[in-house]
Amino acid sequence: MNQVSVYVLDISVLLCTPGALFEFPDKEIVIPVTILEELDSLKLDLGEKGRSAQIVSQMLDECRQYGSLVEGISLPNGGKLRIELTEPESGLLPYSLNLKGISNRVLAVAWMLSQKNKDLILVSQDENLRTKANTLNVPTLSYNGQRPNDSNLYAGIRQSEVSKQKLRSLGKQSYISPEEVFSDQNEICEFYPNEGLLLSCTDVPDEQILATYQQGKKKFELVPKEQGVWGIRPLNPEQRLALALLMNP
């Protein structure tokens, strides 16, 4: 029986394109745990790296809901995603690597796994890392993905227009099911926990419904219109959503 191809992703790939987690159909994607530690420190960065680190962390957190990432979860593209917790000691490698650096630690994990699965590839944008991998007989793949477009990033609030009759009818409920708003099944499957939903109607521009997605109930819970705390009142839907989440974590 043929082994499934294992792709170990270097952090350079994830920082360039967070969605690379899902770009390799029918492959077993392995993320060394050392990358998670690096993502934690990079999230404080105010530039592109920090933003990408936050997106990757959010994606992995979402994946965690579908099973143990250590044991591995199945992906819609036929592949698998898992986190590798084990790291080899430097003395076990064919030559000494400085394992203080993130790239060398990822390479060490790739080498360790390649001893058990010859159908393994280290995916990286780092030319030097690929060269070092060659000296360890670890096959590599150069990744040339693109940074995500701002328009594709998670906005926090999804907006939808409905009829005046439906808007007023839904406004009387405590919860709204996705099926009551969206007819496209793909849209129904893509909600994040606590994601906002803003419903409006062009016929009555002053009337809106704001709700937050409750993962446990699989429904949107309406946010009260009259909302404020300690004299602070939100001025727009984004502020209303933020305040609602702070008051009801």
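Which side chain does R158 meet in a salt bridge? That would be E195, with N to O at 3.3 Å. Keep in mind that this is a predicted model. The protein has eight helices and eleven strands, and a search of the whole structure turns up nine salt bridges. Below is a quick tour of some of those charged pairs, followed by the way helix α2 packs against two other helices.

**The fold in numbers**

- Of the 249 residues in the protein, 44% are buried.
- Take the contacts between residues at least 6 apart in sequence: 55% of them join residues at least 24 apart.

**R158 and E195**

- R158 sits in strand β7 (residues 157–161), while E195 belongs to the loop between α7 (185–188) and β9 (196–200), so this salt bridge ties together parts that are 37 residues apart in sequence.
- R158 counts as buried because its relative accessibility is 17%, under the 20% cut-off.
- E195 is buried too, with a relative accessibility of 4%.

**R82, E28 and E84**

- R82 pairs up with E28 in a salt bridge, and their closest N and O atoms are 2.5 Å apart.
- This pair links distant parts of the chain: R82 is in strand β4 (residues 80–84) and E28 is in strand β2 (residues 28–32), 54 residues apart.
- Are the two partners buried or exposed? R82 is buried, at a relative accessible area of 14%, and E28 also counts as buried, at 14% relative accessibility.
- There's a third member to think about, since E28, R82 and E84 are linked in a network of salt bridges.

**R64 and D61**

- R64 and D61 bring their side chains together in a salt bridge, at 2.6 Å from N to O.
- D61 has a relative accessibility of 36%, which means that D61 counts as partly exposed.

**Helix α2 against helix α4**

- Two packed helices are described by the angle between their axes and the distance between the axes.
- For helix α2 (residues 33–42) and helix α4 (residues 102–114), the axes come within 9 Å and cross at roughly 160°.
- Why do these two helices count as roughly antiparallel? The crossing angle is roughly 160°, and angles over 145 degrees fall in that class, so α2 is roughly antiparallel to α4.
- The crossing of α2 past α4 is left-handed.
- On the α2 side, the residues that meet α4 are T34, I35, E37 and E38; on the α4 side they are I102, R105 and V106.
- By character, the residues of this contact split into three nonpolar, one polar and three charged.

**Helix α2 against helix α3**

- α2 also packs with helix α3 (residues 48–63), at an angle of about 130° and with the axes 8 Å apart.
- That angle makes α2 and α3 oblique to each other.
- α2 passes α3 in a left-handed crossing.
- α2 brings L36, L39 and L42 to this contact, and α3 answers with K49, G50, A53, V56, S57 and L60.
- What is the make-up of the contact of α2 with α3? Its residues divide into six nonpolar, two polar and one charged.

Notes
Residues numbered from 1 in each chain as written. Predicted model: local features only at pLDDT ≥ 70, side-chain atom pairs only at ≥ 80, totals over all residues. Heavy atoms only, no water. Salt bridge = Lys/Arg side-chain N within 4 Å of Asp/Glu carboxyl O. Helix = DSSP H or I, 4+ residues; strand = E, 2+ residues; numbered from the N terminus. Buried < 20%, exposed > 50% of the residue type's maximum accessible area, 1.4 Å probe, protein only. Axes fitted to C-alpha atoms, helices over the stretch in contact; angles between N-to-C directions. Parallel < 35°, antiparallel > 145°, perpendicular 65-115°, else oblique. Left-handed = near helix turned anticlockwise from the far one by under 90°. Contact = heavy atoms within 4.5 Å. Nonpolar A, V, L, I, M, F, W, Y, C, P; charged D, E, K, R; others polar.
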